Amino acid sequence: MSVSPIVSVRDLTVTFKGPPDVHAVNGVSFDLAPGEVLGILGESGSGKSVTLKTLLRLLPEKRTTIGGTISVAGQDVVALQGRALADYRGRVASMVFQDPALALDPVFTVGQQISEAVIRHEGVSKAEARKRALEMLERVRIPSPARRLDAYPHEMSGGMRQRAMIALALACRPKLLLADEPTTALDATVQIQILLLLRELQRDFGMSVIFVTHDIGAAVEVSDRLAVMYAGKFVETGGVRDILRDPRHPYTRGLLAANLHGAEKGTRLEAIPGAPPALHEAPTSCSFAPRCRHAEERCHHALPPVVPLGEARNVRCILAEAARQDA
Amino acid sequence: MLFYLVKRVLYTLPVAFGVSIVCFMLVHIAPGDPLTSVLPPDASAQLQQEMRRLYGFDRPYYEQFLRWFGRALQGDLGTSIATGRSVTSELVKAMGNTLILAAFATMIGFVLGGLFGFVAGYFRNSFIDRFASLLSVIGVSVPHYWLGMVLVIIFSAQLGWLPATGAGPGGSSDWAWDWAHLKHVVLPAITMSVIPMGIVARTIRALVADILSQEFVGGLRAKGLLDLGVFKHVVKNAAPTALAVMGLQFGYLLGGSILIETVFSWPGTGFLLGNAIFQRDLPLLQGTILVLAMFFVVLNLIVDLVQSAIDPRIQRS
């Protein structure tokens, strides 16, 4: 990568203090270029949301241990404290949450909630902040935005609330947007509108986006690159097309095979047998091995190697290693 | 909504009528003749008979009740046997004094209860939380007359800082806004404030803890708000429930407290009621119980109406 990255994560580990302890993220490293969109794909409990929340340091301080380094726009995010952390949140990086019905304060109007962020970060007058809030509501194409400015979240539909949430997240022009399953809580017809809106705004503002989801379709729709996450590790990373066309990790293959899109009616969907591990200890062998039909003896005893396959494409599996030696 | 309002108001009428029958009957169940306490022990049988006729005690109960009830509807609750003054005027004066005491007690209770509640809710499971929770448990469970007596022993008997009884200098029961009167209200108000303090503190602690665990608080931090900014949101979210609880508590205190007012000889409704019982002052007793009972009927009515007005989910049709 020629441009210096806006996000640089190295060996990130996140542990929740128990009992029992949970090793939610176990060594995640990646770079994100300005204007690039990374989709993190994984099932519930894979650590994708935890990774995202760690980037904004939103996890409960006392119960969480963070290891490794996170650098966003030149700031050491792990070391940020107090006011500096609050300055970083919302201005450098901001977040769109999964369920806007829960993530917005029910007793403040949408306009107040957006203005508040603008006033906090830019110190402008109330009238000025309100003007910005109106601009943002227009920007996310909420119908009759002037009226919606004084509406409470419960007076809006799910899709409109998520638009308002996006308006709030982008009000201070962050360089990095963290989207935590932003379409999961929405109706299927609204999901695609929100995805298109996110992609359009990402291009207009030229910001970087990390998009976390378990919906492959949604991830493909908005991302430049994909990272498939399992048991707190990225098991496969690469360009969207490369991964779709040629998935190398057995877990990625399983995920793609379990996809509804293009499935023939009447045929049984292929599912990955078993369940993800409970991460009470940091993994010392391949976490997917117990569910993997290609697993060999050594998979159960040692961590699999990270095999680089071309530019920005890595696979954490012995199969990929074999494939590379063959080539 | 209007239909519900009318219906709810109409519901109170049979309740009020029932309450008045109970009030009337209750005092007649008690043994003893009310006149024995006013007449000299050596009064002649003829004089006793005369007095009984004068007060109407010789009539059958239903007739006594109907006459009393009819006059009560017109605001005339009869004449106190002990003082010879009208029950209504005694009650109005006592209610004024109770209002003063309740106002001071709620002020102290809400400020301290709110403070403890917020601190405990914010720093849940910390040392401060345990301390505040302990205080509120003590507040709810300590016998108030006992606390009152302890305060009197310390601040009146030992230190001599504050008067132990009464509402004003020289046993006067007329209120005035000066230090001579104000210092009489300090001890009873502190004693009384312990009840709402405990309840308000526990309510607000639970509210704050619940609000802080909601996802939108993460949303507030995610947009960069500082602690003070988040606090503003917590307060506004907690306000409706907290105000409802406070309103109810203020209502209860307005009803007066027999124990606390008796300990401090505070001339309010509770004190009046206690005296009426001891002196077998039937008209005063009936009148006071009736007014207090009606007060709670109306209080419940108001709480119901306000709640259904605030919360649209309460649709009781």
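This dialogue goes through the cysteines of a predicted model and the interface of its chains A and B.

Q: How should the names and values be read?
A: Residues are numbered from 1 along each chain as its sequence is written, and chains are lettered from A in the order in which they are written. Because this is a predicted model, local features need pLDDT of at least 70 and side-chain atom pairs count only at pLDDT 80 or more, while totals for chains and interfaces use all residues, and side-chain values use heavy atoms, without hydrogens and water.

Q: How many disulfides does the structure hold?
A: A disulfide is a covalent bond between the sulfur atoms of two cysteines, taken here as a pair of such atoms within 2.5 Å. Over all chains there are zero; for A:Cys317, the nearest cysteine sulfur, that of A:Cys292, is 6.1 Å away.

Q: Is A:Cys317 buried or exposed?
A: Buried means under 20% relative accessible area, exposed over 50%, and partly exposed in between (1.4 Å probe, protein chains only). A:Cys317 has 9% relative accessibility, so it counts as buried, and B:Cys23, at 3%, counts as buried too.

Q: How many residues of chain B are in contact with chain A?
A: Contact means heavy atoms within 4.5 Å, and by this rule 15 residues of chain B are in contact with 22 residues of chain A.

Q: Which side chains meet in a salt bridge?
A: A salt bridge is a side-chain nitrogen of Lys or Arg within 4 Å of a carboxyl oxygen of Asp or Glu. The rule finds two across this interface, and one of them joins A:Glu116 and B:Lys223 at 2.9 Å, N to O.
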